[in-house]
Amino acid sequence: MGNWIKLFGLDDNADSDGHHIRSRFERDYDRIIFSQPFRRLQDKTQVHPLPESNFVHTRLTHSLEVSSVARSLGRKAGEMLCETSDDIKSAGLTPFDFSTVTAAAGLCHDIGNPPFGHSGEDAISEYFKTGRGQKFKKHCSEEEWQELISFEGNAQGFRLAKNKSLGIMLSDAVLGAFTKYPCSALGMDRKTGAKSRKKYGYFSSEEKQFQELAGNLGLIKVDTPKGMAWKRHPLAFLVEAADDICYHIIDLEDACRLEIISFEQTKKFLVEIIKDKFNEKKFNSLSTREEKLAILRALAINTLVDQAGSIFVESEKQILSGDFDQSIFNLLPSKDVLNEIQQVSVKEIYQNIQVVETEVAGFEVVDGLLNKFIEAGFRMVFDNENRSGADKRLIQMLPELNRLNVLEAKNVYSLIREIIDMVSGLSDSHAVSIYRKITGQTIPGMRN
């Protein structure tokens, strides 16, 4: 059975600075805000290409919105649990603690995502699975190769959060709430339907760090034939629900603003969620479509927050015992209309020609960057006889820390991991800029 005191890291009740431990969570939030991986999200695609109009969401605005919804979910759940749980009361926990942890975890939930959305993840995986990177399989262990052929942004995010050089250094509670998939690549299990093992949440390079985190939080270990796995931190269910709520509702809103989906259809979907809270007379009194769309979105999100928070509290015992391993989102009373939204989104939004064109271009850029830098790094460190002056210059283009780590790599996997760190950390426009330079499409100092 999970223990809320341990899950919040309250065993010692004080942090290293002598302040009450709950102030850590606020500092986590601030550290994320000022970190480089978070700032880069402002130029990373959410779904739609970044157009001239300024209302379409990027990864940055999406993350801010997820954080806001996660805060509301945490506060609602915290308020209900603090009223009924003697253990929570005795620990001195407040709704503010729940909301601050979930807000911080929601804020950084996408920091490991590469440029160009999910196509960027696919491009990294395919480079090794079917592309030119297949040759490196013989240099990797079974688990390392599984990580390369199924790149996971969540694991990349954990790697960034544990990288001391970036200065994020999050508390255990926030890292626990951040980790949707507390298992290794070999610990994944997509057959049983276990939500927490659909993907993986850390790379083998951070396995010891994750084991320590799981021990500190008292996460329940799962027996697996291969790899390692644990039950989720309870608050990870709320962060996941916040993400699900946002991308269902906000992607629909963006599509409406871009006139991919009609306002009438958007209104129909959102009113089905809002139900009795929808006031037709007040709605019709609004003068612009923008105002109407904004109020529909706000009411829909508020309704879903109420529903998700209630389900979390009702399922608390099962969640703490590890018997609950599914998405809260799939249990919402509004799940039928949300499934309809998802079906329309797949057809009209995610397969929209502009989205597809961006994904195809992004795939080419990411694949090209990986191939150029990994090949150059491999020859520089492990194949001196075949290295060239071009290889040396390519490695000089890497950021200083990545360059040093590549040149000091002890094995091929760690070298590849370092190049993936660099590529996945790029913004969309920076990735395109570097790709053009290394392929000769753009020559610095010359007119193009």
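# A tour of charges, rings and one helix

Begin by selecting Lys-135, which at 45% relative accessibility counts as partly exposed. Here buried means under 20% relative accessible area, exposed means over 50%, and partly exposed lies in between, computed with a 1.4 Å probe on protein chains only. The model is predicted: local features need pLDDT of at least 70 and side-chain atom pairs count only at pLDDT 80 or more, whereas totals for chains, interfaces and linings use all residues. Residues are numbered from 1 along each chain as its sequence is written, and side-chain values use heavy atoms, with hydrogens and water left out.

**Stop 1: charged pairs**

Side chains of opposite charge can pair when their charged atoms come close. A salt bridge is a side-chain nitrogen of Lys or Arg within 4 Å of a carboxyl oxygen of Asp or Glu. How many salt bridges does a search of the whole structure find? The search finds 19.

Keep Lys-135 selected and add Glu-375; the two form a salt bridge whose closest N and O atoms are 2.7 Å apart. This pair joins distant parts of the chain, 240 residues apart: Glu-375 belongs to helix H18 (residues 353–382), while Lys-135 lies in the loop between helix H7 (117–129) and helix H8 (142–149). Helices (H or I, at least four residues) are DSSP runs, numbered from the N terminus. Is Glu-375 buried or exposed? At 12% relative accessibility, Glu-375 counts as buried.

Next, add Arg-379, which also forms a salt bridge with Glu-375, with 3.4 Å between the closest N and O atoms. Arg-379 and Glu-375 are about one helical turn apart because they stand four residues apart in helix H18. Arg-379 has 22% relative accessibility and so counts as partly exposed. Finally, include Asp-391: Lys-135, Glu-375, Arg-379 and Asp-391 are linked in a network of salt bridges.

For another pair, select Glu-253 and Arg-257, whose side chains meet in a salt bridge (2.8 Å, N to O). Both residues lie in helix H12 (residues 234–257), four residues and about one turn of the helix apart, and both are buried.

**Stop 2: aromatic rings**

Rings of Phe, Tyr and Trp (its six-membered ring) pair if their centres lie within 6.5 Å; planes under 30 degrees apart count as stacked, over 60 as edge-to-face and the rest as tilted. The whole structure holds 16 aromatic pairs. Select Trp-4 and Phe-8, a tilted pair with 5.9 Å from centre to centre and 45° between the planes. Both Trp-4 and Phe-8 are buried. Compare Tyr-127 and Phe-128: their planes stand at 80° and their centres are 4.9 Å apart, so this pair is edge-to-face. Tyr-127 and Phe-128 are buried. Return to Trp-4 and Phe-8 and add Phe-25 and Phe-98, since ring pairs link these four residues into a cluster.

**Stop 3: a charge over a ring**

Select Arg-417 and Phe-203. The charged end of Arg-417 sits over the ring of Phe-203, 3.6 Å from its centre; the criterion is NZ of Lys or CZ of Arg within 6 Å of the ring centre and within 35 degrees of the ring normal.

**Stop 4: helix H21**

Select residues 412–425, which make up helix H21. H21 is mostly covered, with 13 of its 14 residues buried.

Technical notes
Helices (H or I, at least four residues) and strands (E, at least two) are DSSP runs, numbered from the N terminus. The expected span of a helix is 1.5 Å times one less than its number of residues.
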